[in-house]
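Here is a walk through a protein chain for someone meeting it for the first time. Take a look at the sequence and the model, then read on.

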Amino acid sequence: MEPELPDLRSLPRSEVDALVVRLGEKPYRARQLFRWLHQKGAATLEEMSDLPAGFRTRLAVELRLTVLARAEERRSADGTIKWTWRTHDGKLVESVYMPEAERRTLCVSSQVGCAVGCTFCLTGTMGLARNLEPGEIVDQVHRANRRLVELGLGEGPRPLTNLVFMGMGEPLANYRSLKVALDLLLSEDGPNFSQRRVTVSTSGLVPVIRRLGEETFVKLAVSLNATTDAQRDAIMPINKRYPLAELLAACRAFPTRNGRRITFEYVLLAGVNDDLEDARRLARLLSGIPTKVNLIPYNENPGLGFRAPPPGRLSAFQDELVRHNLTVVVRRSRGSDISAACGQLASEGGPGDPRRAAPTLTAPAPAR
Ligand code: SAH
Ligand code: SF4
């Protein structure tokens with residue numbers, strides 16, 4: 001089999017610069033090319049009309065260009081849109097668009113499937129097919145922006161204002177690609193997202209949390225979901241490797257600049273972690289960390305054996321946290337009519353997709 005050509009969309013800026021020089025072009029062409037790739041989200045080399053034809057031909061010989069194909073688009077009554085994208089090797093990944101009054105957020109996938117295997121999570125049941133390349137991560141943003149413009153949603157060439165890495169996969173398990181993708185997305189010659197408007201969510205890969213803190217300024221969200229090691233071991237196997245004390249120590253050490261807070265996500269599972277005693281323990285665990293708690297009522301997945309909290313439980317849990325001076329946000333349920341679900345996405349029709357057997361999946365509230 002022919003070896004695969006490197007992907008132009010996955011190259012860090014420094015490599016785009018080096019490539020342009022190596023191909024004998026004037027250095028200013030690098031910026032032009034980079035802008036086509038990451039500011040305008042060009043889908044083809046032909047589109048890059050102000051680049052010399054010979055240059056484009058040489059690019060086409062040496063590299064390929066990642067463009068995600070839109071396999072499916074589902075629009076919810078509440079404005080949420082879920083896109084399923086097909087990669088060049090036929091894998092399916094999903095992104096979810098969530099408009100609000102003040103912001104337009106895209107929930108981005110970082111892997112095809114996920115190896116962490118949290119027992120309540122639909123993506124976790126798929127296992128990991130493969131990591132996404134940087135170009136496949138950023139192209140979710142480019143395709144979404146272009147599509148939103150096409151649909152007349154939002155203003156300007158880049159309608160999206162916020163990004164959350166809460167789609168399929170564990171972003172910190174694909175750190176190398178994530179870091180390149182973040183640099184591209186934050187680049188002034190690219191979509192130029194503000195660090196404060198990009199959030200990476202993790203199940204708790206402690207050493208990589210430290211790295212993220214050292215190497216970036218983006219926001220951190222941690223999926224905590226339990227208040228004792230026994231509880232967390234049972235639903236999030238990663239806890240056996242990085243138990244609560246280590247995880248919270250890494251969070252305490254995470255550089256929080258300009259009053260930036262870490263978000264702790266807590267999915268309420270009936271009878272598992274939704275007791276008021278859990279709320280009190282949670283408050284104790286988080287004391288001293290500048291934080292915000294995101295409470296997410298569980299969205300039931302057929303076959304996984306967990307239940308949403310009974311009526312009233314969510315607000316009682318929330319009240320208990322507020323009594324302990326925590327800032328709490330409850331995630332409003334959105335996009336439930338289209339199975340749009342940050343954190344519980346599975347490629348439809350893919351291996352391990354429970355929706356093949358049970359197409360009536362309900363969706364959770366979106367990530368913020
Ligand atoms: N792997 C990363 C990011 C993706 S998961 C992480 O775990 O943080 C995004 C969020 O969705 C996590 O907080 C997870 O706990 C939550 N989640 C997963 N399945 C869910 C479900 N069925 N209902 C509600 N939230 C869910
Ligand atoms: Fe992976 Fe996050 Fe789902 Fe856990 S909750 S299986 S880490 S996607």
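What follows goes from the whole chain to a set of strands and then to a few single residues.

This is a predicted model, so local features need pLDDT of at least 70, side-chain atom pairs count only at pLDDT 80 or more, and totals for chains, interfaces and linings use all residues. Residues are numbered from 1 along each chain as its sequence is written, chains are lettered from A and ligands numbered from 1 in the order in which they are written, and side-chain values use heavy atoms, with hydrogens and water left out.

**The whole chain**

Let's start with the overall picture. The chain holds 11 helices and 12 strands; these are DSSP runs numbered from the N terminus, with helices being H or I of at least four residues and strands being E of at least two. Measuring along the principal axes, the C-alpha trace spans about 70 × 45 × 45 Å. A compact globule of 368 residues would have a radius of gyration near 21 Å, and the chain agrees with its 21 Å. That radius is taken over C-alpha atoms, and the globule rule is 2.2 Å times the number of residues to the power 0.38.

How much of the chain is buried? The share is 55% of the 368 residues, where buried means under 20% relative accessible area, exposed means over 50%, and partly exposed is in between (1.4 Å probe, protein chains only). The chain exposes about 15,300 Å², and carbon and sulfur atoms supply 51% of that; the areas come from the Shrake-Rupley method with a 1.4 Å probe, and for residues only the protein chains shown count as cover. Among contacts with a separation of 6 or more, 67% are between residues 24 or more positions apart, a contact being heavy atoms within 4.5 Å.

**Strands 9 to 12**

Now for some strands that sit side by side. Two strands pair if DSSP finds at least two bridges between them. Here are the pairings, one per row.

| Strands | Sense | Bridges |
|---|---|---|
| Strand 9 (residues 219-223) and strand 10 | parallel | three |
| Strand 10 and strand 11 (residues 291-297) | parallel | seven |
| Strand 11 and strand 12 | parallel | four |

Is strand 10 enclosed or open? Seven of the seven residues of strand 10 (residues 262-268) are buried, so the strand is largely enclosed by the rest of the structure. Both of its faces are covered: Ile-262, Phe-264, Tyr-266 and Leu-268 are buried on one side, and Thr-263, Glu-265 and Val-267 on the other.

Thr-263 is a handy marker in strand 10, as Ala-221 stands opposite it and Thr-263 also stands opposite Lys-292 in strand 11. To get from strand 10 to strand 11, the chain passes through helix 10 (residues 276-286), and this β-α-β crossover is right-handed. Right-handed here says that, with the strands pointing away from the viewer, the path from the first strand over the helix to the second runs clockwise.

Strand 11 has five of its seven residues buried, so it too is largely enclosed by the rest of the structure. Asn-294 in strand 11 is opposite Glu-265, while Val-293 is opposite Val-328 in strand 12. Strand 11, helix 11 and strand 12 make a right-handed β-α-β unit.

**Some loop residues**

Next come the loops. Asp-189 is in the loop between helix 5 (175-186) and strand 8 (198-202), and it counts as buried at 10% relative accessible area. What does its side chain make polar contacts with? One partner is the side chain of Arg-13, at 2.8 Å, and another is that of Arg-31, at 3.2 Å. A polar contact is a pair of N or O atoms within 3.5 Å; within protein, one must be able to donate a hydrogen and the other to accept it, and residues adjacent in sequence count only if both atoms are side-chain atoms. Leaving out residues up to four places away in sequence, Asp-189 touches Arg-13, Arg-31, Phe-34, Arg-35 and Gln-39.

Lys-40 is in the loop between helix 2 (28-38) and helix 3 (53-62) and is partly exposed, at 38% relative accessibility. With residues up to four places away in sequence left out, Lys-40 touches Arg-35 and Arg-146.Two asparagines round things off. Most residues other than glycine have a negative phi. Asn-225 has a positive phi of about 65 degrees and is buried at 2% relative accessibility, whereas Asn-325, with phi near 65 degrees, is exposed at 71%.
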